[in-house]
Amino acid sequence: MEGELINKMQETGFFGDCDGIVLNAGAYTHTSVALQDCIRSLRCPVIEVHISNVHQREEFRHHSMISCACKGVICGFGLDSYRLAIEALVK
């Protein structure tokens, strides 16, 4: 799954013609250096999205391995998090 996600992001964000990627990486957010490397290699911005407020959850969810490579992070607004991320990319 992680490899498929990376392949799709590279296909879309490096070789494709896209203006940005909205990414909810789930548990990979907290564990994947490979995703961080992939995001850094892309030609388009990436917005990290979480439906829940990860800072109100378990301690291990408070640290993201990918935030440092993303243009921004949106969390805690439910499904509206995706809309907010798209609005951020459009601006």
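**Exercise 1. Locating and classifying Phe 15**

In which loop does Phe 15 lie? Determine also whether Phe 15 counts as buried or exposed.

*Solution.* The model is a predicted one.
- Step 1: Phe 15 is found in the loop that joins α1 to β1.
- Step 2: The relative accessibility of Phe 15 is 67%. The cut-off for an exposed residue is over 50%. Phe 15 therefore counts as exposed.
- Step 3: From Phe 15 to Gly 78 the C-alpha distance is 31 Å, with their positions 63 residues apart in sequence.

**Exercise 2. Describing the overall fold**

State the order of helices and strands along the chain, and decide how its radius of gyration compares with the globule rule.

*Solution.*
- Step 1: The chain holds three helices and three strands. In sequence order they form the pattern α-β-α-β-β-α.
- Step 2: For 91 residues the globule rule gives 12 Å, and the radius of gyration of the chain is 12 Å, so the chain is as compact as a globular protein of that length.
- Step 3: The C-alpha trace spans about 35 × 30 × 20 Å along its principal axes.
- Step 4: Of the contacts with a separation of 6 or more, 74% link residues 24 or more positions apart.
- Step 5: Buried residues account for 32% of the 91 residues. The accessible surface comes to about 5500 Å², and carbon and sulfur atoms contribute 54% of it.

**Exercise 3. Analysing the largest nonpolar core**

Identify the elements that give two or more residues to the largest nonpolar core, and list the residues that Ile 39 touches.

*Solution.*
- Step 1: The largest nonpolar core consists of 14 residues; Met 9, Ile 21, Leu 23, Ile 39, Val 46 and Ile 66 have the most contacts inside it.
- Step 2: Two or more residues of this core come from each of α1 (2-13), β1 (21-23) and α2 (33-41). The greatest contribution is that of α2, with three residues.
- Step 3: Leaving aside residues up to four places away in sequence, Ile 39 touches Met 9, Leu 23, Val 46, Ile 66, Ala 69 and Cys 70.

**Exercise 4. Placing Cys 70**

Where does Cys 70 lie, and is Cys 70 buried or exposed?

*Solution.*
- Step 1: Cys 70 belongs to the loop between β2 (46-50) and β3 (72-75).
- Step 2: Its relative accessible area is 11%. Since a residue under 20% is classed as buried, Cys 70 is buried.
- Step 3: With residues up to four places away in sequence not counted, Cys 70 touches Ile 39, Val 46 and Glu 48.
- Step 4: Pro 45 is 25 residues from Cys 70 in sequence, and their C-alpha atoms are 6.8 Å apart.

Definitions and conventions
Residues numbered from 1 in each chain as written. Predicted model: local features only at pLDDT ≥ 70, side-chain atom pairs only at ≥ 80, totals over all residues. Heavy atoms only, no water. Core = buried A, V, L, I, M, F, W, Y, C linked by side-chain atoms within 4.5 Å. Buried < 20%, exposed > 50% of the residue type's maximum accessible area, 1.4 Å probe, protein only. Helix = DSSP H or I, 4+ residues; strand = E, 2+ residues; numbered from the N terminus. Contact = heavy atoms within 4.5 Å. Rg over C-alpha atoms; globule rule 2.2 N^0.38 Å. Areas by Shrake-Rupley, 256 points an atom, 1.4 Å probe, with all protein chains shown as cover.
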